[in-house]
Each structure stands twice: as structure tokens, then as C-alpha cells.
Amino acid sequence: MKTIRSLALLALLALGLVHGSAQAQMKLTHSERSLYREVLVYEEDGLRCMCFTRQCRIGRQSCIDPRNPDHFALNYTRMMLAGTLFASADPRRVLIIGLGGGSIATALRKLSPSTEVEVVEIDPAVTRVAKRFFDFVDTPPVRVTEIDGRVFVKRAGREGKQYDVILLDAFDHEYIPEHLLTREFLLEVKALLAPQGVLVANTFSSSRLYDHESTTYASVFGTFYNLKRENRVIVTRLGGLPTQQELAARAAKYSAALLPYGADTPSLLKMFNTQVDWDVKARVLTDQYSPANLLNR
Amino acid sequence: MNTVEQLPRSLRTLCYVIALWSGFFVMGIELLGGRLLAPNFGSSIYVWGAIISVFMLALSLGYLAGGRWSLHQPSMARLSLLLLAAALTSLPVLPLAGEPLELLAQAIPDPRFGSLAAAALLFFVPTFFSGMVSPYCVRLLVVDDQTSGRRAGQLFFVSTFGSATGTILTSFYLVLWFEVNSILLSLAAISAVLAGVGLLARRR
């Protein structure tokens with residue numbers, strides 16, 4: 001009995017040590033509670049990251065290197081930026097749903113200063129933290145509206161607004177706003193796209209949800225480019241996908257400007273493919289059937 | 001000590017089953033309420049706040065009304081009618097959740113009051129009738145003042161246990177298997193069947 005107890009104690013201690021040492025390198029710089037979550041800022045290996053959970057490693061919303069703030073630390077932001085710049089010809093109006101650290105909006109301000117960028121973020125705390133810790137600036141041409149993404153899209157549709165590029169980036173690895181992942185929502189988004197408008201969506205690359213999400217996007221937009229790393233970024237365009245030559249031509253224009261972002265144009269270009277690697281029979285998600293969180297297990 | 005004639009055992013059981021189901025029904029609808037409001041009002045904390053407020057208010061007024069109504073010739077048949085009323089008044093939720101909510105969202109752009117009005121429009125009436133069920137059941141089950149507290153306690157237990165079951169089954173499983181409208185229709189159908197059993201039971 002005694003040995004068991006001391007063994008257990010030893011195991012606990014060991015766990016504590018491992019846990020403690022992992023935590024030691026990750027420094028919590030800031031935390032604030034909002035209506036929706038705790039918004040946390042961690043620093044580790046010279047990177048500063050925004051997280052919505054204490055298990056920051058698996059759920060980083062956004063990261064910057066404070067000594068080199070242009071550099072995109074996360075793959076998916078590079079993929080989304082590539083989708084925006086390579087698939088659309090000089091966008092005048094861009095809509096981003098989901099701010100995070102605001103790195104895409106910040107990059108667009110620099111790379112394409114004449115582009116008007118409208119960002120929709122539900123959580124005022126995220127906007128505050130992005131401004132304070134992630135160099136995000138919400139002065140024209142970048143503007144933030146604090147509102148639920150679906151409500152914004154509905155209203156914008158009624159007002160007849162049009163965007164050349166729409167970026168969907170409202171998901172978290174832990175919680176998906178299910179009303180932002182349905183066929184009806186995507187149809188509303190599609191209605192906001194100008195002719196030749198481009199949709200860029202940050203989505204999931206694993207779990208059962210991948211199949212359902214793929215068939216849902218396909219049911220609204222037809223074929224799309226599927227860029228995959230840890231995340232999967234969907235890129236599609238109204239009136240037909242841009243050809244590889246078209247993408248390459250625009251990428252060439254940005255290849256020098258993108259270097260500081262850590263974005264290597266040739267390898268990004270290689271990621272644009274239309275291969276169907278999901279179960280095409282997976283049920284399409286709708287406002288009536290949207291168990292996205294249950295499918296993401 | 002005041003005593004009243006006790007219901008036969010089978011009807012007492014039916015009373016508990018109705019209270020349990022009514023609890024299930026209310027929470028099933030409440031959870032789906034979030035789904036129905038989300039396309040027009042989003043799923044911000046305000047929307048959930050509005051839904052929960054409307055359900056609590058409707059239940060509280062339903063309790064008052066149910067207690068009051070139990071003063072006049074209480075019967076299993078009337079209890080069954082309450083269940084049926086809740087089921088029937090939940091049916092308009094299906095058509096109301098479409099175009100009317102869209103218009104309401106335009107009329108009241110404030111996310112708090114817009115969703116409050118929407119939740120009231122869709123859910124107040126059926127939840128009110130559901131609230132009437134429990135106190136009415138208490139009236140049917142209580143036979144003397146000595147055991148009244150125990151009966152009431154048992155009734156609160158089954159009804160709230162039903163609510164817990166309705167919450168977990170709806171949010172963990174039903175939405176994964178079925179469409180929202182199918183779940184709503186099934187909930188109403190089960191209520192109608194139980195009400196039918198109650199109405200027939202009286203005749204025998």
C-alpha cells in the first residue's frame with residue numbers, strides 16, 4: 001500500500017516537472033476575459049501568440065515575431081494572403097470575417113494600400129488585444145465592425161454591398177460558430193461577391209468535418225483550390241477558377257514583396273490544387289443540419 | 001387533515017411521465033431555439049441571454065396559471081389538453097423561423113432586443129403552456145397535506161430530470177442525426193401521443 005502511494009506520488013511529481021518545464025518556456029504576457037472567452041497572449045522562442053485556451057500550442061489564433069513583425073509565423077496566414085493576392089486582380093474592397101491578431105489586414109495595408117479592408121469581429125477584447133500586442137491598426141483603409149459575422153453578412157446583403165475578396169477566418173480549433181458553416185451562410189457570402197469575386201476560407205484539414213465542409217463549399221461554389229497544411233485554405237472565384245498561369249503571373253508581381261512575410265511564392269503556388277480528396281457523399285451542412293462541433297472530433 | 005380521492009396508480013404514473021416529457025420538450029425546443037435564431041441574430045451571448053430569459057419568464061407565468069387553473073375541476077383530461085396545447089402552439093415555430101424572423105431582424109437591429117422579440121414570438125406561448133403542466137400535476141397527485149411536499153418533490157424531480165435529458169440528448173445526439181425541423185416536429189408528435197393517451201385513459 002505504502003509503495004503504491006509513494007509510486008503514485010513520484011509519478012505525480014514527474015508529471016508536474018514535465019508540465020512545469022513545458023510551461024516555463026511559454027510566458028503568459030497578457031490575459032483578459034471577454035464575453036466569449038479568455039484572450040491570452042503568450043511569448044515563446046521570440047514569438048508572440050494570441051490564444052483562446054491555456055493549451056496554446058495547439059490553438060494559436062495568430063502569432064507575430066515582435067522583432068520582425070511583418071513575418072507571418074503561421075502557415076495558414078501565408079496561404080490566405082496568397083489566395084487573396086494571387087486569385088484576385090487588384091482587389092478594391094476586401095471583407096475579413098474573424099480578426100484574430102489582424103495579420104492579414106495589416107499585410108494588406110502594406111502590400112495593397114489602396115484596398116479598403118473591412119473586418120468583422122464579434123469580440124471587442126480580440127480587437128483590443130490585436131491593437132495592443134499585434135501591431136494592428138484600425139484606421140482607414142482598414143475598418144473593424146464588432147458584430148456577429150452572420151448578422152453582418154445578412155445586412156451587407158440587404159444593403160447591396162459587394163466585395164472583391166471575402167476571407168472567412170472565424171474558426172477556432174475548439175469551437176466553430178456553426179451558423180458560419182452552412183450552405184445558407186455561404187450562399188449569403190456568395191451574394192456579396194462582386195463579379196470575379198474571390199472567396200478565401202480558413203477551414204479544418206482533419207476530422208470527419210473535413211468531408212462535410214468540403215461538400216458544403218462544393219455545393220455552393222463548385223470546384224475550388226484546396227491548399228493544405230495544418231489547416232486547409234479554400235480558394236475559389238466566381239465565374240471560374242483562375243488558371244495556374246494566371247496565378248503564377250500575379251504571384252510573380254508579389255514575390256519580392258512577400259519575402260519579408262516568410263512567404264515563398266513558388267512553394268505557395270504549388271499548393272493550389274483542385275484534387276478531390278474527401279468523401280463526396282458526406283452530408284452538406286445547412287441551417288437545419290449543422291453539428292459542426294460534434295463532427296470535429 | 002384534508003384528504004382527496006387518490007388517482008389510480010396507472011394515472012399517477014402517467015402524470016409523472018407527462019411531467020417528465022414536458023421537461024424534455026421545453027429544453028429540446030430551447031436548445032433548438034439557438035439554431036433557429038442564429039441565421040438572423042447570430043449566436044452571440046445576447047442571443048442566448050434572450051432565449052433563456054423568454055423561457056424562464058414563460059415558465060414562471062405558466063406555473064402561476066397552471067396552479068390557478070388546477071382550482072377548477074382538475075382532471076387528467078385537462079392536463080392532457082395542456083400538453084396538447086404546448087405541442088400545437090410549438091408548430092408555428094417552423095414557418096415563423098424563416099421570413100418573419102428576417103423581417104424582425106430588420107425592424108429591430110439591436111442584437112439584444114431583436115433576439116428577445118424573436119425568442120418571445122417563437123417560444124413564449126408553447127413554453128407558457130408547458131409551465132402549466134407541473135403545478136397542475138401536483139394538484140392531481142397530492143392526496144393529503146402530509147405527503148404533499150413529497151409528491152411535489154417527486155414531481156420537480158421528474159420534470160427537471162426530463163429537462164436535463166432533453167438538453168443532453170438534443171445537443172449531443174439529436175442535432176447530429178436529424179434536421180432541426182424534424183426534431184421539432186417529433187417533439188410535438190410525442191407530446192400529442194402522450195396527450196392522446198391521457199385523454200383516452202380518462203374514459204376507461
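**Note on the predicted two-chain model**

1. Helix α5 (residues 99-107) of chain B packs against helix α6 (residues 111-141) of chain B at an angle of about 150°, the two axes lying 9 Å apart. Angles over 145 degrees count as roughly antiparallel, and α5(B) and α6(B) are therefore roughly antiparallel to each other. Their crossing is right-handed. On the α5(B) side the contact is made by L101(B), L104(B) and A105(B), and on the α6(B) side by G114(B), A117(B), A118(B) and L121(B). By class, this contact of α5(B) with α6(B) has 6 nonpolar residues, 1 polar residue and no charged residues.

2. On status and confidence: this is a predicted model. The predictor gives the complex an ipTM of 0.88 and a pTM of 0.88. For chain B the average pLDDT is 94, and 96% of the residues score at least 70. Among the elements of chain B, helix α3 (residues 76-90) has the highest mean pLDDT, at 97, and α8(B) the lowest, at 93.

3. A second helix pair in chain B is α1(B) with α7(B). The axes of α1(B) and α7(B) cross at roughly 35° and come within 7 Å. The crossing of α1(B) past α7(B) is right-handed. The contact of α1(B) with α7(B) has 13 nonpolar and 12 polar residues, with no charged residues.

4. Next, the contact between the chains. Here 14 residues of chain B are in contact with 15 residues of chain A. On the chain B side, the elements that give two or more residues are α1 (9-41), α7 (148-177) and α8 (180-203). The largest share of that side, 4 residues, comes from α1(B). By class, the side of chain B that touches chain A has 8 nonpolar, 5 polar and 1 charged residues. Note that α8(B), one of the elements listed for this side, is also the element of chain B with the lowest mean pLDDT (93).

5. Chain A has an open sheet of 7 strands in the order β7-β6-β5-β8-β9-β11-β10, with mixed pairing. Strands β7 (142-146) and β10 (225-228) of chain A stand at the edges with a single partner strand each, so one side of each has no neighbour in the sheet. From one strand to the next the twist averages 15°. Within this sheet, strand β5 (residues 93-97) of chain A pairs with strand β8 (residues 163-168) of chain A in the parallel sense, over 4 bridges. The bridge partner of I96(A) in β8(A) is L167(A).

6. Another open sheet in chain A is formed by 4 strands in the order β1-β2-β3-β4, and its pairing is antiparallel. Its edges are β1 (27-33) and β4 (60-64) of chain A; each has a single partner strand, so one side of each is left without a neighbour in the sheet. Neighbouring strands of this sheet are turned against each other by 20° on average, direction ignored. Strand β3 (residues 47-51) of chain A is joined to β4(A) by 4 bridges, the two running antiparallel. In β4(A), C63(A) stands opposite C49(A).

7. The antiparallel sheet of 4 strands also has a helix lying across part of it. Helix α4 (residues 124-133) of chain A lies across β1, β2 (38-44) and β3 of chain A. The helix α4(A) runs at about 25° to β2(A).

Note on methods:
Residues are numbered from 1 along each chain as its sequence is written. Chains are lettered from A and ligands numbered from 1 in the order in which they are written. This is a predicted model: local features need pLDDT of at least 70, side-chain atom pairs count only at pLDDT 80 or more; totals for chains, interfaces and linings use all residues. Axes are lines fitted to C-alpha atoms, for helices over the stretch in contact, and angles run from 0 to 180 degrees between N-to-C directions. Angles under 35 degrees count as roughly parallel, over 145 as roughly antiparallel, 65 to 115 as roughly perpendicular and the rest as oblique. A crossing is left-handed if the near helix is turned anticlockwise from the far one by less than a right angle, and right-handed if clockwise. Two residues are in contact if their C-beta atoms, placed from the backbone, lie within 7 Å. Ala, Val, Leu, Ile, Met, Phe, Trp, Tyr, Cys and Pro count as nonpolar, Asp, Glu, Lys and Arg as charged, and the others, Gly among them, as polar. Two strands pair if DSSP finds at least two bridges between them. pLDDT is the predictor's confidence in each residue, from 0 to 100.
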